[in-house]
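I opened my notebook to look up a few things in this model, one entry at a time. Here is what I wrote down.

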Amino acid sequence: MALTDDAITRLRTMIQLGELPPGSRLPSEAQLSTQMGISRSGVREAVKVLEAARVLDVRRGDGTYVTSLAPRLLLEGLGVAVELLRDDTLMEVMEVRRMLEPAATGVAALRMSDAELDGLGRILEDMRAAKDDAERLIGYDAAFHRTVIAATGNETLTSLLDGLSGQTLRARVWRGLIEGNSAHVTLSEHEAIYLALRSRDPLLAQASALLHVNTSESWLRTVLSAT
């Protein structure tokens, strides 16, 4: 493990220093082994770890390449991690969302194009039509918030919040809302966010998003207490 960790550190350093820029092809396993003074098995394991982290792309029969290193790739594993969190730590995830999502929504109010706002309006209509269907609501809810956050133009923030808002987390909140006959409340909150964005009012958009996250947090707490 120590040799593998050493190989990982050296490969990451080569990437960070630009010796292996995004899209570049790595030297062969034998060449890397000689260059770093590490066994080929250590190099091989390091490549596997960095491939799983979306830093490297192993193309069978072609070679190993550095990926684009885009945030959407490197943060892809966050969503998987959130799905595995236990109930007692899910509230911490909601706390992080409360810190980030309202601020991002406020930024989006200044940056969303008319076309993006029109698309968001259509998603809102779809949510209203599916108000009693949990599965469809979960999908539309994810699309709504992804559209808003993506409008910030900040790919890191978009990937981070997308990972924090996992499918299982959304499902638990929405099922709780529907079972509690309160889906109309959060639908109204989505509409308030949309209207604030449409009016290009960043403070109102931020406040509307904060209210919505707080509602979701409250319902998640209720669901977790019941289980």
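**Entry 1: M36**

I began with M36, which is buried, its relative accessible area being 6%. Anything under 20% counts as buried, so M36 qualifies. A reminder to myself: this is a predicted model. I found M36 in helix α2. Leaving out residues up to four places away in sequence, I saw M36 touching A7, R10, L11 and V43. I also checked a long-range pair: M36 and A130 are 94 residues apart in sequence, and their C-alpha atoms are 58 Å apart in space.

**Entry 2: α2 against α3**

Next I looked up how the helix of M36 packs. Helix α2 covers residues 29–36, helix α3 covers residues 40–52, and the two pack at an angle of about 110 degrees with their axes 9 Å apart. That angle makes α2 roughly perpendicular to α3. I noted the crossing of α2 and α3 as right-handed. Which residues make the contact? From α2 I listed E29, A30, L32, S33 and M36, and from α3 R40, V43 and R44. Sorted by class, this contact of α2 with α3 holds four nonpolar, one polar and three charged residues.

**Entry 3: α1 against α3**

I stayed with α3 and turned to helix α1, residues 2–16. The axes of α1 and α3 come within 8 Å and cross at roughly 60 degrees. The two helices are therefore oblique to each other. Here α1 passes α3 in a right-handed crossing. On the α1 side I wrote down T4, A7, I8, L11 and R12; on the α3 side, G42, V43, E45, A46, V47, V49 and L50. By class, the contact of α1 with α3 has eight nonpolar, two polar and two charged residues.

**Entry 4: α8 against α9**

I then moved along the chain to another helix pair. Helix α8 spans residues 134–150, helix α9 spans residues 155–164, and they pack at an angle of about 160 degrees, their axes 9 Å apart. How are α8 and α9 oriented, roughly parallel or roughly antiparallel? They are roughly antiparallel, because angles over 145 degrees count that way. I recorded a right-handed crossing where α8 passes α9. In α8, R146, I149 and A150 meet L157, T158, L161 and D162 of α9. This contact has four nonpolar, one polar and two charged residues by class.

**Entry 5: the nonpolar cores**

A general thought before the lookup: in soluble globular proteins, nonpolar side chains tend to be buried together. How many residues does the largest nonpolar core have? I got 26 residues, and those with the most contacts inside this core are M112, L120, F144, V148 and L197. Two or more residues of this core come from each of α6 (87–111), α7 (114–129), α8, α9, α11 (183–198) and α12 (202–226). I picked V148 for a closer look: beyond its neighbours within four places in sequence, V148 is in contact with T105, A108, L120 and L197. Apart from the largest core lies another, of 18 residues, among them L11, I15, M36 and A46. So my starting residue, M36, turned up again in this core.

**Entry 6: T64**

I looked up one strand residue as well. T64 sits in strand β2, residues 63–66. Is T64 buried or exposed? With 16% relative accessibility, T64 counts as buried. Setting aside neighbours within four places in sequence, I found T64 in contact with S24, R25, L26, V47, L56, D57 and V58.

**Entry 7: two positive phi values**

Last, I checked backbone torsions. Most residues other than glycine have a negative phi, and I had two arginines to write down against that background. R54 has a phi near 65 degrees, a positive value in a residue other than glycine. R54 lies in the loop between α3 and β1 (56–59). At 34% relative accessibility, R54 counts as partly exposed. For R200, phi is near 60 degrees, again a positive value in a residue other than glycine. The place of R200 is the loop between α11 and α12. R200 is partly exposed, with 31% relative accessible area.

Note on methods. Residues are numbered from 1 along each chain as its sequence is written. This is a predicted model: local features need pLDDT of at least 70, side-chain atom pairs count only at pLDDT 80 or more; totals for chains, interfaces and linings use all residues. Side-chain values use heavy atoms; hydrogens and water are left out. Axes are lines fitted to C-alpha atoms, for helices over the stretch in contact, and angles run from 0 to 180 degrees between N-to-C directions. Helices (H or I, at least four residues) and strands (E, at least two) are DSSP runs, numbered from the N terminus. Angles under 35 degrees count as roughly parallel, over 145 as roughly antiparallel, 65 to 115 as roughly perpendicular and the rest as oblique. A crossing is left-handed if the near helix is turned anticlockwise from the far one by less than a right angle, and right-handed if clockwise. Contact means heavy atoms within 4.5 Å. Ala, Val, Leu, Ile, Met, Phe, Trp, Tyr, Cys and Pro count as nonpolar, Asp, Glu, Lys and Arg as charged, and the others, Gly among them, as polar. A nonpolar core is a set of buried Ala, Val, Leu, Ile, Met, Phe, Trp, Tyr and Cys residues joined through side-chain atoms within 4.5 Å. Buried means under 20% relative accessible area, exposed over 50%, partly exposed in between (1.4 Å probe, protein chains only).
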